[in-house]
Amino acid sequence: MATTPTREPAGAVTGYAHPLYAQSHLEFGTPLELPRSRGWIIQRTIPGFPDRDAMGCYPMFTCGDWSQLGVDLEALREPLVCLSLVTDPFGDYNEADLRSWFPDLAVPFKEHYVVDLEKPRNKTISKHHRYETRKALKTVSIHEHSDPSAFLDTWMALHDNLIEKHHIEGVSAFSRSAFAQQLVTPGMVLLWASCGDEPVAAIMYFAQGQTVYAHILGCNHLGYKHGALYALISAAIEHFTGTARWLDLMGVPGAADSGSEGIRQFKRGWTRETRTAWLCGRIFNRARYAELVSATGTALTNYFPAYRDGEMARAASRPAAGDEPDGTMP
């Protein structure tokens, strides 16, 4: 595979920070820009009530100027009841910042496995993964798609296998229209694997500054059989070396997913280095929040926001993706 990744101009807004990515969440709510920090959240109705709250984009919230996030949140006091989000582990903040901005909830949520692209491969990638990659490349070829939007039909067929395999639903089960938007978002890089002429796996990546995020993957039974994911991630490490510093392989699903430990071992084989994504929440209208909790009988839950516990199926994490914007506190 030729290592010629497309790059946006220095300082350009790309990936999770781009408004087109926020627009891909339209089926869940209305995107709202935070003007000073230059981040995006999703306003949504609260089923059964006339109120609205907000969530960060899936799988994480990021912004252009973290130092201004607190100012933006102060301006959000009305009419939203509350806000919940998961932070970008590469964001320019510290724990004290998060606890100041999100006094109601700020807890470490998931460890993201991150590959330092400046380190030698034999220092980061396990012997097992190097062997599996060599074996996979005997039958699998890796390609960068020059026009990711043209890959939509194939992508949906591959991704549907993942939906079925991991029983994904909710905000993490993006629709065809959402993926169509994401595939044209600046910073998108699509790597795909084939056996012969047949596409068997693909991973969407978002290049954003010095970090590349493994966004979402799709893989069919032939892809799993031939180890296409080993070949794809190994190729991504080579592909982005020299143009980025970090490759974020994202987190691991919770204990409810029977495949969680296998996914953890798969990611640990690429790197032992991690960065923490935080689950954060802020209540803007405390009186109304308390009324909603009382009306829904959810006072004893650890879920945030409490009144949404049981209202929707929790979004399941998936390989090469992140975590749901609402969540259960540890």
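Q: What percentage of the contacts in the protein with a separation of 6 or more comes from residues 24 or more positions apart?
A: This is a predicted model, in which local features need pLDDT of at least 70 and side-chain atom pairs count only at pLDDT 80 or more, while totals for chains, interfaces and linings use all residues. Residues are numbered from 1 along each chain as its sequence is written, and side-chain values use heavy atoms, with hydrogens and water left out. A contact means heavy atoms within 4.5 Å. Among contacts with a separation of 6 or more, the share from residues 24 or more positions apart is 75%.

Q: What is the mean pLDDT of the protein?
A: The pLDDT is the predictor's confidence in each residue, from 0 to 100. Of the residues of the protein, 86% reach 70 or more. Over residues 2-6, however, the pLDDT is below 50, and over residues 312-330 the pLDDT is below 50 as well. The mean for the protein is 88.

Q: How many helices and strands does the protein have?
A: Helices (H or I, at least four residues) and strands (E, at least two) are DSSP runs, numbered from the N terminus. By this rule, the protein has 11 helices and 13 strands.

Q: Which strands stand at the edges of the open sheet?
A: Two strands pair if DSSP finds at least two bridges between them. The open sheet has 11 strands in the order β1-β2-β3-β4-β11-β5-β10-β9-β8-β7-β6, with mixed pairing. Each edge strand has a single partner, so one side of each is left without a neighbour in the sheet. The edge strands are β1 (30-34) and β6 (141-144).

Q: Which residue of β11 is the bridge partner of A106?
A: Strand β11 (residues 274-283) has 7 of its 10 residues buried, where buried means under 20% relative accessible area, exposed over 50% and partly exposed in between (1.4 Å probe, protein chains only). β11 is joined to strand β4 (residues 80-86) by 5 bridges in the antiparallel sense, and L85 stands opposite C280. β5 and β11 also pair in the antiparallel sense, over 8 bridges. In β11, the partner of A106 is C280.

Q: At about what angle does α9 run to β8?
A: Axes are lines fitted to C-alpha atoms, for helices over the stretch in contact, and angles run from 0 to 180 degrees between N-to-C directions. Helix α9 lies across β5, β6, β7, β8, β9 and β10 (246-248). Its angle to β8 is about 35°.

Q: How many of the 13 residues of α9 are buried?
A: From its first C-alpha to its last, α9 reaches 18 Å, close to the 18 Å expected at 1.5 Å a residue; the expected span is 1.5 Å times one less than the number of residues. The helix is mostly covered, and its buried residues include Y230, L232, H239 and F240. The number of buried residues in α9 is 12.

Q: Which element gives the most to the largest nonpolar core?
A: A nonpolar core is a set of buried Ala, Val, Leu, Ile, Met, Phe, Trp, Tyr and Cys residues joined through side-chain atoms within 4.5 Å. The largest one has 38 residues, of which Y205, L247 and W270 touch the most other members. Elements that each supply at least two residues include β5 (105-116), β7 (188-195), β8 (198-208) and β9 (211-219). The element that gives the most, with 10 residues, is α9.
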